[in-house]
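Hi,

Here is the structure I promised to pass on to you. Have a look at it first, and then read my notes below.

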Amino acid sequence: MTPRIQDILDKADREGAVRRVRTDVAVAAADPMLTTPAAPGLEPALAATLAATGTASTTHLGTSTAATVAAPPLTPARIVAGALLDPRLITANSANSAVAEQYRALRTRIVHADPLSPVNVVLLTSAGRGEGKTLTAGNLGLTMAQEWQRRICIVDADLRRPQMQRLFGLPDGPGLCDVLAGRASIEEALITLEEHGVTILPAGHVPAHPAELLGTTAMRRTLETLRTQFDRVVIDAAPAVPLADVSILAPLVDRVLLVVRAGVTTRPAIQDAVSAIDSAKLLGFVLNEADQA
Ligand SMILES: Nc1ncnc2c1ncn2[C@@H]1O[C@H](COP(=O)(O)OP(=O)(O)OP(=O)(O)O)[C@@H](O)[C@H]1O
Ligand SMILES: [Mg+2]
């Protein structure tokens, strides 16, 4: 592990503010890389304040893309009202909680990460199973939609263990795999949650060898379409090791976030995951469930 990553993890260990949060879910952006170079020293609390004041508009997006997209809008075939979201989607169920605030801080750090190269398509992965990728991706997407009232798409690209449909209480139907296999159009596969202003591309019907689908031109095209149609795309992916999925997807996204479960993920496992991710793409770490460590 590089000294820098070691420092980051040590710093995360010391994050007393995160440990004090007494809730089910605690999340913190643990990597200084997530603070903007344009505003060195910007602390998470301050970043969160900026977001909460509603000043996070196009300026914060740091890109002209969001404001100038000219492509005709996709119309998701399914618009769902009254979906029964899992209570762990705390940013929807308890938007004013301290934990939701931490997700907002994470969101702001991502937005400010690199003014020269905006993070419009972000992929979440982890070193192993069950570290909180899906929960983090879901809450992050909801937070993005709430704060900006912008077009946000959450993609379930963890074709090994797809969970987004269940987390958001969505009906069965086509999803990413069906689009990639030519069985459905993107419009048919997308589901917009009316109250939450977020659109989900569930995994759909997963085949036996899903990595082959991720490496197709159809996958590249699908992500390019989503990029032009949404202001932000949040992708839930499989663990970075030992699978090839993340290495296949990383070139297609702007940046990758590594979700680390406090007190669970070992440093050697993190090191393996970091080695599997192109260092130019790795944006930073999300320290999940920090209060449990
Ligand atoms: N911060 C948290 N607080 C409490 N429980 C959590 C937290 N993060 C994750 N969990 C729980 O841990 C389990 C795994 O979470 P999640 O499904 O988000 O992880 P994952 O990395 O997507 O897992 P998988 O590798 O299976 O896709 C779930 O039961 C979830 O509720
Ligand atoms: Mg998952």
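Of the 293 residues in the protein chain, 51% count as buried. Please keep in mind that this is a predicted model. The chain has 15 helices and 9 strands. Contacts that link distant parts of the sequence are a big part of the picture: among contacts with a separation of 6 or more, 82% come from residues 24 or more positions apart.

Let's start with the ligand. How many residues surround ligand 1? There are 18, and the closest are G132, K133, T134, L135 and E289. If you sort this shell by class, you get 4 nonpolar, 6 polar and 8 charged residues. Helix α8, which covers residues 133–148, gives the most to the shell, with 3 residues.

Next, try finding two of the helices.

Helix α7 runs over residues 98–111, so to speak, as a stretch of 14 residues. From its first C-alpha to its last it reaches 20 Å, close to the 20 Å expected at 1.5 Å a residue. Is α7 mostly covered or mostly uncovered? It is mostly covered, with 12 of its 14 residues buried. Those buried residues are A100, E101, Q102, Y103, R104, A105, L106, R107, T108, R109, I110 and V111.

Helix α13 spans residues 217–229. Its 13 residues should span 18 Å at 1.5 Å a residue, and its end C-alpha atoms are 18 Å apart, so the two values agree. The buried residues in α13 are T222, L223, L226, R227 and Q229. What do they pack against? Their partners are three strands and two helices by label: β3 (121–126), β4 (152–157) and β7 (232–237), together with α10 (176–180) and α11 (186–189).

One of those partners, β7, brings us to a residue worth a click: R232 has its place in this strand. Why does R232 count as buried? A residue is buried if 20 or more other C-beta atoms lie within 10 Å of its own, and R232 has 28 of them within 10 Å, so it is buried. Leaving out residues up to four places away in sequence, R232 touches N120, M144, R150 and I152. You can also compare R232 with A145: the two are 87 residues apart in sequence, and 9.0 Å apart in space, C-alpha to C-alpha.

Enjoy exploring, and write back with any questions!

Best wishes

How values were computed
Residues numbered from 1 in each chain as written. Chains lettered and ligands numbered in written order. Predicted model: local features only at pLDDT ≥ 70, side-chain atom pairs only at ≥ 80, totals over all residues. Near = placed C-beta within 6 Å. Helix = DSSP H or I, 4+ residues; strand = E, 2+ residues; numbered from the N terminus. Nonpolar A, V, L, I, M, F, W, Y, C, P; charged D, E, K, R; others polar. Expected span 1.5 Å × (residues − 1). Contact = placed C-beta atoms within 7 Å.
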